[in-house]
Amino acid sequence: GHQLLPPPPLAATSPRLLHALAAPKLMLGRFSGSDNESLEGLQQELEDCKNDQEVANILANGIKMRDYTKGVENSIRQVELDSIQDYITESENLVLLHDQISDCDNILSQMETVLTGFQTEIGSISSEIKVLQEKSMDMGLKLRNRKAAESKLSKFVEDIIVPPRMIDIIVDGEVNDEYMKTLEILSKKIKFIEADSMVKTSKALKDVQPEVERLRQKAVSKIFEFIIQKFYALRKPKTNIQILQQSVLKYKYTIVFLKEHAKEIYAEVRTAYIDTMNKVLSAHFRAYIQALEKLQLDIATSTDLLGVETRSTGYLFSIGKEPLKARSSVFALGERINVLKDIEQPALIPHISEAKSQKYPYEVLFRSLQKLLIDTATSEYLFSDDFFGEESLFQDIFAGPIQVVDEYFDAVLLNCYDAIGIMLMIRIIHQHQLIMFKRRIPCLDSYLDKVNMSLWPRFKMVFDLHLSSLRNANIKTLWEDDVHPHYVTRRYAEFTASLVHLNVEYGDGQLDLNLERLRMAIEDLLVKLAKMFPKPKMQTVFLINNYDLTIAILKEAGTEGGKTQLHFEEVLKSNIAIYVEEVLLEHFSDLIKFVKTRTSEDPASSSDKANIGDVEPLVKDFANRWKAAIELMHKDVITSFSNFLCGMEILKAALTQLLLYYTRLTECVKRVNGGSVLNKDLVSISSILYEIKKYSRTF
């Protein structure tokens with residue numbers, strides 16, 4: 001019931017501070033000792049209250065601190081008594097609160113007991129789980145070990161056991177795809193028994209090994225009989241060897257089995273195949289060669305040489321017996337070049353060609369035979385490598401066929417005098433070498449090199465025969481009283497054009513040197529033949545005709561002639577210049593002599609030496625007959641030169657040269673004293689040019 005009075009404002013001030021204010025001396029005396037920490041705390045409180053309004057008022061009003069302290073203590077005591085009365089008033093509520101707290105405490109105690117029980121049970125369960133985990137790991141380890149043992153044991157059992165089905169197939173089954181698979185399984189079992197040292201010590205091996213050995217022997221026996229029968233089938237006439245070989249390839253594992261488990265039997269099979277194919281292919285090529293021989297067209301004999309006269313070769317009497325086309329092929333390439341264009345074509349089928357009565361130059365038969373050889377060799381090489389796994393087998397098989405081809409080729413080459421044919425064969429061999437290189441088949445490299453090495457010496461020998469025939473030619477028998485091109489020149493030009501054409505893509509320097517020697521020989525021969533003509537002009541005409549023909553044939557060959565053509569163009573040019581001088585001297589010798597002697601002197605002094613009496617006859621003579629002389633020259637050219645165009649070019653050159661001579665004459669006339677009186681007799685340059693153009697229009 002007492003009203004609590006609020007304490008004075010100083011009540012909020014620290015008691016420690018109040019005591020300090022009340023008894024400063026005492027406090028200073030107490031804190032002046034060793035209690036530095038308390039002193040420091042007081043100092044801090046003094047600092048905090050420095051700005052306190054109450055403290056400031058107390059200090060300002062001068063209130064005695066002791067009285068103030070007692071007032072504060074009384075207030076506190078009164079507050080305490082009031083608080084006790086409040087507690088007594090609320091005692092029932094406090095008792096109820098105490099009971100509730102006690103009940104909660106009991107409940108919490110019970111929950112603690114329950115949770116403690118749960119914790120204990122969880123601990124025991126955790127222990128059980130650890131035990132189960134350990135047992136599980138142990139069982140897993142045992143399971144893995146047992147699986148590993150089972151795997152090895154099952155692999156061992158699988159590798160060593162011989163199923164009844166395998167026995168039935170090996171003993172009674174036919175050789176087919178299933179038999180091949182069974183053979184592979186049997187091979188693995190044999191290798192397993194032989195390779196693993198642990199297997200050899202097992203008791204199971206004693207039961208299984210005899211059975212495996214009997215199966216091996218049975219398999220080897222059956223394979224041997226099967227393969228040998230297949231090989232003997234190759235010996236039957238008209239058998240397609242390649243098709244039969246392809247059908248045998250699917251059984252190639254039988255050869256692998258024999259290699260690994262019956263080497264002696266494999267050697268027998270290998271020998272049987274070599275012997276069979278050697279005989280079969282040898283007989284095949286021998287029959288093919290005999291059929292080809294019936295198709296051969298003989299082109300050249302030992303007397304068919306460049307410098308041999310026509311009469312001695314019997315050409316005049318043999319025209320009815322042999323076609324001219326065959327004879328012209330001795331020196332001209334012509335359509336024979338097609339054999340190189342047909343290099344990839346299949347080999348000839350002799351009986352079809354024979355039925356059509358077709359015959360071919362030897363190089364066509366040579367290409368056909370060599371094409372058959374490289375195709376057969378390619379097929380056999382690939383089969384031997386695939387079926388037997390041995391490339392070396394090929395050489396043993398093909399020793400016979402190559403010998404048959406070599407014997408035939410050597411016999412033909414020994415009697416071959418066809419230089420163009422031999423050069424074509426050299427190019428054929430080169431093309432076949434490229435074909436084999438593209439196929440990546442090296443088995444015929446040495447053979448093709450050997451053939452090539454045989455052809456070159458023969459070509460050189462035949463070429464030298466042609467060269468000797470020109471150098472040692474009988475001029476008297478070759479000479480004919482005719483300025484037109486000689487048949488030897490045509491032979492030479494066609495022969496050279498042919499060889500140059502065949503050398504375009506190869507650039508053989510040795511052949512170029514031989515052709516240079518041949519060119520020198522024909523030039524010497526032509527000069528000798530030309531000297532047989534009594535008149536120099538006829539000699540020149542003969543040379544021009546022959547050189548012009550040579551150039552024309554070289555151009556027709558489309559080879560651009562090379563050095564040979566350039567040389568003949570030079571000598572033709574020089575001989576045309578000689579002819580022009582000769583034909584002009586026939587008709588205008590006085591004029592030419594005068595011009596050459598007078599105009600070569602100093603023009604200033606020549607007028608003193610030349611007079612009107614010297615030039616007047618020349619001017620009048622030219623005016624009287626220059627047209628007639630040109631017409632005679634035209635007729636002479638027409639009859640002398642085989643090539644009309646060449647003749648017209650020569651006539652044009654002669655008339656142009658004549659115009660130059662006459663121009664120089666007119667200049668000389670102008671310088672002569674009194675020469676103007678001859679102006680009426682001088683032919684105008686335009687008139688001569690008109691005449692020249694008139695003859696130019698004729699071609």
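1. A good place to start is Asp396, which is partly exposed at 35% relative accessibility (buried means under 20% relative accessible area, exposed over 50%, and partly exposed in between, with a 1.4 Å probe and protein chains only). Asp396 forms a salt bridge with Arg270, with 3.7 Å between the closest N and O atoms (a salt bridge is a side-chain nitrogen of Lys or Arg within 4 Å of a carboxyl oxygen of Asp or Glu). Arg270 belongs to helix α13 (residues 263–293) and Asp396 to helix α20, so this pair ties together parts that are 126 residues apart in sequence. Helices are DSSP runs of H or I with at least four residues, numbered from the N terminus.

2. A word on the basis of this note. Please keep in mind that the model is predicted: local features need pLDDT of at least 70 and side-chain atom pairs count only at pLDDT 80 or more, while totals for chains, interfaces and linings use all residues. Residues are numbered from 1 along each chain as its sequence is written, and side-chain values use heavy atoms, leaving out hydrogens and water.

3. Back to the charges. The structure holds 27 salt bridges, and one of them joins Glu260 and Lys191 at 3.3 Å, N to O. This pair links distant parts of the chain, with Glu260 in helix α12 (residues 252–261) and Lys191 in helix α8 (residues 177–195), 69 residues apart. Both ends are partly exposed: Glu260 has a relative accessible area of 36% and Lys191 one of 39%.

4. Lys537 and Glu586 are also worth a look, since their salt bridge brings the closest N and O atoms to 3.0 Å. Here helix α26, which holds Lys537, is linked to helix α27 (residues 562–598), which holds Glu586, across 49 residues. Lys537 is buried at 12% relative accessible area, whereas Glu586 is partly exposed at 46%. Elsewhere, Arg235, Asp275 and Lys279 are joined into one network by salt bridges that share partners.

5. Which charged residue is buried yet has no salt bridge? That is Asp548, whose nearest side chain of opposite charge, Lys555, is 7.3 Å away (Lys and Arg count as positive, Asp and Glu as negative; His and the chain ends are not counted). Asp548 sits in helix α26 (residues 536–556). Apart from neighbours within four places in sequence, Asp548 is in contact with Leu572, Asn643 and Cys646 (contact means heavy atoms within 4.5 Å).

6. Now the rings. The structure holds 25 aromatic pairs (rings of Phe, Tyr and Trp, the last by its six-membered ring, pair if their centres lie within 6.5 Å; planes under 30 degrees apart count as stacked, over 60 as edge-to-face and the rest as tilted). Phe394 and Phe398 make a stacked pair, 4.6 Å centre to centre with 20° between the planes. Both lie in helix α20 (residues 393–414), four residues or about one turn apart. Phe394 is buried at 1% relative accessibility, and Phe398 is buried at 1% relative accessible area.

7. Phe459 and Phe463 form a tilted pair, with centres 5.8 Å apart and planes at 40°. These two are four residues apart in helix α22 (residues 445–471), about one helical turn. Phe459 is buried at 1% relative accessibility, and Phe463 is buried at 0%.

8. Finally, one aromatic cluster is formed by Phe231, Tyr266, Tyr273, Phe383, Phe387 and Phe388. The charged end of Arg427 sits over the ring of Tyr506, 3.9 Å from its centre (NZ of Lys or CZ of Arg within 6 Å of the ring centre and within 35 degrees of the ring normal). Likewise, the charged end of Arg458 sits over the ring of Tyr417, 5.0 Å from its centre.
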